Structures are given as structure tokens and as C-alpha cells.
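Reader: I would like to learn how to read single features in a structural model, going from one residue to a helix and then to a set of paired strands. Could you take me through them in that order?

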Amino acid sequence: MSHAITARLAGLACAMLTLAAAATPATAATPEVANVQQALDALARTSGVVGAIGEVYVDGKRVGQGSAGSRLLNGKGGRIPAGSRYRIGSQTKLLTGTVALQLVKEGKLGLEDKLSDLLPKGASQDIVERADEITVRQLIRHTSGIPNWFTPDLVDIYDFTTYYPPIDLVKKSRSQPRTGEPGEKFSYSNTNYTLLGMIIEKVTGRSLASEFARRLFVPLGMSRTYLAVKPPQGIEGPHGHGYSTDDQGQVHDMDRLNASYGNGSGGVISTSRDISAFYRAFGQGKLLPPTLQKLLTDPPENAPSQPPLCGGEPELRVIAGGTTSFTSVTFSSPDGRIQFATSTTTSTQDPAAIGRAINQTAKAVLCPGK
């Protein structure tokens with residue numbers, strides 16, 4: 001994998017990490033919501049943005065929406081329908097963590113259960129180093145020390161057709177050095193949530209896609225949401241396309257991003273409406289008791305954070321996901337009342353700049369005058 005691609009993936013990982021760590025106190029205040037279309041028009045003028053969609057919900061009611069840029073590269077294909085499906089990327093981790101913690105609540109899984117006991121094959125074949133010391137809690141909190149399998153040296157982002165079972169993705173991480181002792185410190189790794197998806201399947205005897213549907217999508221009315229599992233499964237219906245340029249200068253349409261790279265770490269495809277429904281229920285405490293929910297919302301000690309989005313009230317949780325060609329971000333109040341769910345398709349080598357532009361878009365929409 002090239003240095004250029006290395007920079008793109010590494011930069012986005014940092015952006016996602018910073019955004020995901022941001023959490024702020026709950027507030028009952030309802031913000032003044034500015035014009036969503038106008039804010040997205042400004043976002044679409046950012047270099048490297050192909051198209052952008054977003055919707056704002058307050059107490060479950062849509063109060064703003066917009067679409068800017070284009071569905072395809074170079075202004076082609078018209079605008080993306082505002083209610084289109086899109087990849088939510090690493091926002092999937094919050095869904096995976098929620099289902100795992102529901103199993104803890106039900107007594108089917110323990111926070112201190114060891115990885116070697118839950119997935120003995122992985123331990124016996126030494127696929128995960130020190131599996132007998134790593135706990136479910138550490139996987140959820142990104143403190144296991146297990147290295148990330150999704151790195152430029154290990155993943156060909158232009159391989160759209162090969163199916164990689166989750167265990168094969170975990171194997172890729174074994175060639176990388178550990179990031180710390182089990183439980184020592186925070187270090188973001190997709191491998192943690194690939195393993196959690198496998199654990200959910202082992203404990204329940206059902207596929208992760210089935211558990212998502214049974215526990216989240218159906219009860220919450222997320223009727224247009226699903227987990228893509230194998231190539232060539234992609235985004236159903238009209239949607240935006242993102243692009244990447246390789247070292248030879250060839251532009252790749254990343255629409256058929258390899259579905260097997262996602263699973264429990266990043267495979268869910270949703271809509272602004274549906275993902276807002278999840279964050280609303282999560283914030284309202286309908287999915288987990290507070291003690292377990294904190295394992296997902298309270299960042300570990302050394303996890304990076306960012307200043308409050310609005311610099312005052314209302315404060316928001318900011319959860320992001322993405323890879324080369326797209327970034328999806330949901331801004332949600334901790335009490336679940338307010339959501340601004342966005343998807344941006346890109347053709348850039350500087351995803352960090354896109355992340356900053358999306359933050360500015362959210363400020364314009366949710367923090368007018370600040």
C-alpha cells in the first residue's frame with residue numbers, strides 16, 4: 001500500500017478517534033436550528049467533497065434537511081436524495097457495543113470474560129496474542145492492546161470482490177506489534193469490534209446482522225438499515241459515490257467498497273432518519289442501563305478529546321465513521337432529543353480537512369450566532 005494511501009487512512013483514523021471521544025453533559029435546551037441546506041451548500045464547496053446530505057431531528061421530528069454537491073464525481077448524476085442510504089462506518093461500533101452490553105445485562109456475557117474462553121479457536125491458534133488476559137470490557141473500551149487490522153500495509157482498499165471472514169481479518173493484526181498491555185491504555189483498533197461481533201455470534205448462535213435487526217433495527221423502526229456482510233453487497237437505492245486516486249493516478253469509484261471489511265467494526269448502512277432513531281433511543285436510556293452505557297460514552301483516561309462543538313449549550317456527542325471516499329458523522333445531544341446526521345462523499349487525499357469542514361457545518365446548523 002502506498003505512502004499516499006497510508007496518509008489518507010491514518011489521517012482519517014485520527015479524525016474519527018478525536019470525534020468519537022467527544023462527549024458532553026446532557027441538557028434539556030432545544031437549540032435554534034439554522035438553514036441546513038445553506039450549511040450543506042457551504043460544505044459542498046470544500047475541496048474534495050463530492051456530495052453531502054444531512055437531516056436534523058428534534059424529539060423525533062425532522063426540522064431540517066438538505067442535499068448539496070452531486071451524486072457522482074464532477075457534478076454528474078444530480079443531487080443525492082436527502083433521505084438516501086449511506087455507510088455509517090465506525091458508528092457501527094456503537095451498535096455493536098450496545099448489543100454486546102445488552103448480552104451483559106441479560107447475564108449471557110460478562111465484562112470480565114476472557115477472550116480465550118469466548119473464542120477458544122483464536123486462542124488455540126495464537127491468532128490473538130495474550131487472549132487469555134484480554135476481557136470483554138477491554139475490547140469495548142479499546143484498551144485491549146490488540147493492534148488494528150485495518151491499516152494500509154494489511155488491507156487493499158481496491159479489492160472489492162474477495163470475501164474475508166472476520167477471523168481472517170483478525171489474523172492480519174497478528175503481524176503488527178501490540179499497542180500496550182491488556183487494560184493499560186486506550187488505543188483505537190477495529191480488531192476489538194471485529195472480535196466483539198464474533199463474540200455476539202458465538203453467544204447468541206445467530207449472525208450479527210440478525211442480532212442487529214432483532215435488537216435494534218426492528219424495535220426502533222430502522223426499516224432502511226442493514227448490515228452489509230459479503231461482496232458485492234453494497235448500498236441499496238440511489239446514493240452518493242465516493243472516489244479514491246491510486247499511485248498511478250487512476251481514479252476509483254469506491255461505491256462497491258468491500259463489504260467484508262465492515263462487520264462489527266464498520267459495516268452498517270443506514271439513513272439520517274434511521275440512525276437518528278438509534279441515537280435518540282440510546283440517549284433516552286431505552287437500550288442500556290446507565291452503568292453499562294457509560295462504558296460506551298465515557299472516554300478512557302488517555303483518549304483524545306475535542307472542545308465542545310458550540311462552546312456552551314446545547315452540548316453534543318459527536319460520533320464519526322468513514323474511510324477513503326466517505327465520512328459520516330452524527331451529532332446528538334446526550335439526552336437523545338437532538339440529532340444532526342450527515343454523510344459526505346469525497347475524492348480527497350486530506351480527510352482531516354473534510355472532518356473540520358463537517359464540524360463547521362454542524363456549528364452553522366446547531367450553534368447559530370456562536
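Author: What follows is a short tour of one residue, one helix and one strand with its partners, all taken from a predicted model.

Reader: Let us begin with serine 173: in which helix does it lie, and is it buried or exposed?

Author: Serine 173 belongs to helix α7, which covers residues 166-173. A residue counts as buried when its relative accessible area is under 20%, and serine 173 is therefore placed in that class, with a relative accessibility of 3%.

Reader: Which residues is serine 173 in contact with, once neighbours within four places in sequence are left aside?

Author: With those neighbours set aside, the contacts of serine 173 are Ile146, Pro147, Asn148, Trp149, Leu154 and Thr191. There is also a polar approach to the backbone, since a polar atom of the serine 173 side chain is 2.6 Å from the backbone oxygen of valine 170.

Reader: Turning to helix α11, how does one check its span against its number of residues?

Author: The expected span is 1.5 Å times one less than the number of residues. Helix α11, residues 272-283, has 12 residues and should therefore span 16 Å, and the end C-alpha atoms are indeed 16 Å apart, in agreement with that expectation.

Reader: How many residues of α11 are buried, and what follows the helix?

Author: Of the 12 residues in α11, 11 are buried, so that the helix is mostly covered; among them are Asp274, Phe278, Tyr279 and Arg280. Glycine 285 follows α11 and has a positive phi, near 75°.

Reader: Which way do the residues of strand β9 point?

Author: Side chains in a regular strand alternate between the two faces of the sheet. In β9, Phe326, Ser328, Thr330 and Ser332 point one way, while Thr327, Val329 and Phe331 point the other way. Because 7 of the 7 residues in this strand (residues 326-332) are buried, β9 is largely enclosed by the rest of the structure.

Reader: Which strands pair with β9, and in what sense?

Author: Strand β8, residues 317-323, pairs with β9 in the antiparallel sense over 7 bridges, and valine 318 stands opposite phenylalanine 331. These two strands form a hairpin with 2 residues between them, where serine 325 in the turn has a positive phi of about 105°. Strand β10, residues 338-346, also runs antiparallel to β9 and is joined to it by 7 bridges, with serine 332 opposite glutamine 339. The hairpin of β9 and β10 has 5 residues between the strands, and glycine 336 in that turn has a positive phi of about 80°.

Key:
Residues are numbered from 1 along each chain as its sequence is written. This is a predicted model: local features need pLDDT of at least 70, side-chain atom pairs count only at pLDDT 80 or more; totals for chains, interfaces and linings use all residues. Side-chain values use heavy atoms; hydrogens and water are left out. Helices (H or I, at least four residues) and strands (E, at least two) are DSSP runs, numbered from the N terminus. Buried means under 20% relative accessible area, exposed over 50%, partly exposed in between (1.4 Å probe, protein chains only). A polar contact is a pair of N or O atoms within 3.5 Å; within protein, one must be able to donate a hydrogen and the other to accept it, and residues adjacent in sequence count only if both atoms are side-chain atoms. Contact means heavy atoms within 4.5 Å. Two strands pair if DSSP finds at least two bridges between them.
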